[in-house]
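Me: Got a minute to walk through this one with me? I'd like to go over strands, helices and symmetry.

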Amino acid sequence: MSQLEYSTLGFESILVNLDGAVLIVKMNRAKQRNSWGGTLAEEFAKVFELADKDDRVRVVILTADPTAPAYCSGADLSQGPKFGGTLNDAVREPGLYFLYKDHRDNGGKVSLAIYHCRKITIAAVNGHAAGVGMTAMQLPFDIRFVWAGAKLTFPFVRRGIVPEATSSYLLPRLLGHSRASYLFVTGTTISPTSPIIQPLYHSTFSTREEVFPAALALAKDLAVNTSARSIAYTKALLQHPGESIEENHLLDSRGISLLGKSGDAREGVQSFKERRDPKFMDKLDGQGDGWHAWFPWWKTVNVKSKL
Amino acid sequence: MSQLEYSTLGFESILVNLDGAVLIVKMNRAKQRNSWGGTLAEEFAKVFELADKDDRVRVVILTADPTAPAYCSGADLSQGPKFGGTLNDAVREPGLYFLYKDHRDNGGKVSLAIYHCRKITIAAVNGHAAGVGMTAMQLPFDIRFVWAGAKLTFPFVRRGIVPEATSSYLLPRLLGHSRASYLFVTGTTISPTSPIIQPLYHSTFSTREEVFPAALALAKDLAVNTSARSIAYTKALLQHPGESIEENHLLDSRGISLLGKSGDAREGVQSFKERRDPKFMDKLDGQGDGWHAWFPWWKTVNVKSKL
Amino acid sequence: MSQLEYSTLGFESILVNLDGAVLIVKMNRAKQRNSWGGTLAEEFAKVFELADKDDRVRVVILTADPTAPAYCSGADLSQGPKFGGTLNDAVREPGLYFLYKDHRDNGGKVSLAIYHCRKITIAAVNGHAAGVGMTAMQLPFDIRFVWAGAKLTFPFVRRGIVPEATSSYLLPRLLGHSRASYLFVTGTTISPTSPIIQPLYHSTFSTREEVFPAALALAKDLAVNTSARSIAYTKALLQHPGESIEENHLLDSRGISLLGKSGDAREGVQSFKERRDPKFMDKLDGQGDGWHAWFPWWKTVNVKSKL
């Protein structure tokens, strides 16, 4: 893995570039308004799965060319609606409401790949965004930066379909149900400066050109100043905090035990006391100390279609 | 159902009027400060159950006369406290903590009827609101508009009782626990412009007279521009998103499959490309295509008292 | 219990003073920048457990000396990192992911004691706060007041460890995941006036000296104007609202039944109608009417280590 050269992987719909510890992923369908089509979904899922396993990568940024018509304009409708596939027999399985031999939404596949990536993920939304451009391309990320002039919309109920790409799970968790219900039920077009959606974004910029450089600066800071294992365990705690505060107490106690005596913890404290940048060395995988044997502590769910 | 004439149903405490696809429900107890009493609860529950099944109704607005002393001033205390009923033996049943032969709170019955209504629901809060006027009369709705001058209060702990009408479930989901705890634990009176409660409201107006017309304008837009099935499935996803992001991926994939090839999806995309209003025709029920056979995917709970 | 004299309990790291119905707890390690060390954790856990059972106490305020270097500067790192203990064999038990013979995080023990306290809890954050000073010392409280000049930080990923003290459970519930992920993943230092963290705080003050008196004034208001049983049941509803809106309807209906005919409910309504302060008399425990026999309605979890 460590010698992987992203530029040789034959991606068509995205441009991928490893800048130090920051993997930069750029949509490359400006002529199609960066609409969701072609090989985009497969390539996004693949690049986030690779980033998850590549020890060199500490942060992944998703962005677009600031001169493109949009950050991501949603599904490619040029050929008419092509949503969804066939519905087959529902098969109930233990621990799941159902698991059917059926279509799986492409946006959701990408959302899951991003959500499961154990590295820091940043969306640098430097243009308009609609549909899957609001959902898979923004909601599963840890941090979102945005251009103040972006037109944002979750238009699903206005197109006769439903919110996809796990957005009905993610948006209420991110913003609460008051904001999420309004955005989904109205399908309105909104500005990132509206108080209804503003808390989705961690920084807002007045020009499209400012968004990516600011995201890159934060990414470079975080790549140096955070521990890879701390980030992976922290993201796992946020996604799977336990079913009660007591179970969470067990889970974070274990995290403190696992990492509290690690090289990264010693270096984290030492560098803090010496007022210098840390040199975190612990790897996520493959260091032979088995710290990740404790993962996952949650029930995993296989969502592969049985088709 | 389709010939139902709401004005003939003998409602005493509410006025009901079907304006196109918008059902307008108005409190009609101005002389009692629109307090919660008389036949109000039964009539609210009934009208939202009817609206759920009436194919003509796409949006329901709840409001009050803007000249009334309040939007809803809470429980009618004119006869002294009359909260609650008797407590009997607890009966534990599978899948429930308990199900006892016992009193059921009226506010909660109304909250459930509104929450379960598969149409778009809007509260046009054009006056002061207290107690059940903050809970059942606002929290189960999809969208809330408010008069900036309204005095708002959840006074339960100051009256020796507890938050009712499922508000301890709904308010933290809507606003997060930081705001909800403060509002419930202090029982304070607050302005809708306070940052502690502001995100509950999607638009704020400086006069009482502006609130309802703005809600009606949005309702008429949504009645035309959203698909009834999209709204029903979207609301179900928000209420029952699955126990994990993976289960949500299965649920929204199914929604995309069910609706992606529907007449409404074709019309939604076609009208978007032709830059015209859509003409959505698919009905929620009774069209013979069995799309709703997939509902409910969640565990349903019978809350009827065994008294 | 009722004769308990807090000043005689031999606390070293905290100062405790009962002012009417308000228990004031002050950090007393200014020379160590109010860092988390010494006997602090044990004393905090003890005082909140005592307050929970002391009928005289209606509100607990945690604060620091406004002239101290910090409200709480986090773990005492003067001796180098000493996070965590040993990890032993995991023991799976019914209803829990695991329960191992293992270290328990001190911060989490304190968080649980505060979270489980059935009285109103207020954090008066009148100085800088880092690490456990942001987590156990703020997140489990019902209400937080803050000095606008405070420097706030959740630095865990920058020290090679993970968020502790049940903060990965509490912070997303308080503020939503958009804000919580940013704060935990960046470990950045932030001002309470930043929109990313502002909703954590219910009042913000421009000087350190103003914070505690404002908290005390609110505490004295709430001590008189709220019912002890109403507060306890309301906090329980917020922490354990049921697994569905229907279960919540059963739980708050029972609360209304239990308290609706109580002396406090009669007094709450009567005093409201007479526009005077109430005199709530009902005690949490020990009044012989068994109202608390209904607690707990949730699954309790024993988190004691089996070491």
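Reply: Sure. One definition before the hairpin: strands here are DSSP runs of E, at least two residues, numbered from the N terminus, and two strands pair if DSSP finds at least two bridges between them. Keep in mind that this is a predicted model.

Me: OK, so how many bridges join β1(C) to β2(C), and do the strands run parallel or antiparallel?

Reply: They run antiparallel, with 6 bridges between β1 (residues 14–19) and β2 (residues 22–27) of chain C.

Me: Which residue stands opposite C:Leu18?

Reply: That's C:Leu23, in β2(C).

Me: And what about the turn, which residue takes a positive phi there?

Reply: C:Gly20, with phi near 65°. The hairpin has 2 residues between its strands.

Me: Switching to helices. How do α3(A) and α7(B) cross?

Reply: Their axes come within 8 Å and cross at roughly 130°. In sequence, α3 covers residues 167–175 of chain A and α7 covers residues 245–260 of chain B. That angle makes α3(A) oblique to α7(B).

Me: Which residues make the contact?

Reply: From α3(A), A:Ser167, A:Ser168, A:Tyr169 and A:Leu170; from α7(B), B:Ile245, B:Asn248 and B:Asp252. By class, the contact has 3 nonpolar, 3 polar and 1 charged residues.

Me: Last topic, symmetry. What turn lays chain A on chain C?

Reply: A turn of 120° with a shift of 0.0 Å along the axis, giving an RMSD of 0.0 Å. That is the relation of a three-fold axis.

Me: Which C-alpha of chain A is nearest the axis?

Reply: The one of A:Gly176, 3.6 Å from the axis.

Terms used. Residues are numbered from 1 along each chain as its sequence is written. Chains are lettered from A and ligands numbered from 1 in the order in which they are written. This is a predicted model: local features need pLDDT of at least 70, side-chain atom pairs count only at pLDDT 80 or more; totals for chains, interfaces and linings use all residues. Side-chain values use heavy atoms; hydrogens and water are left out. Helices (H or I, at least four residues) and strands (E, at least two) are DSSP runs, numbered from the N terminus. Axes are lines fitted to C-alpha atoms, for helices over the stretch in contact, and angles run from 0 to 180 degrees between N-to-C directions. Angles under 35 degrees count as roughly parallel, over 145 as roughly antiparallel, 65 to 115 as roughly perpendicular and the rest as oblique. Contact means heavy atoms within 4.5 Å. Ala, Val, Leu, Ile, Met, Phe, Trp, Tyr, Cys and Pro count as nonpolar, Asp, Glu, Lys and Arg as charged, and the others, Gly among them, as polar. Copies are superposed by least squares on the C-alpha atoms of residues with pLDDT of at least 70 in both.
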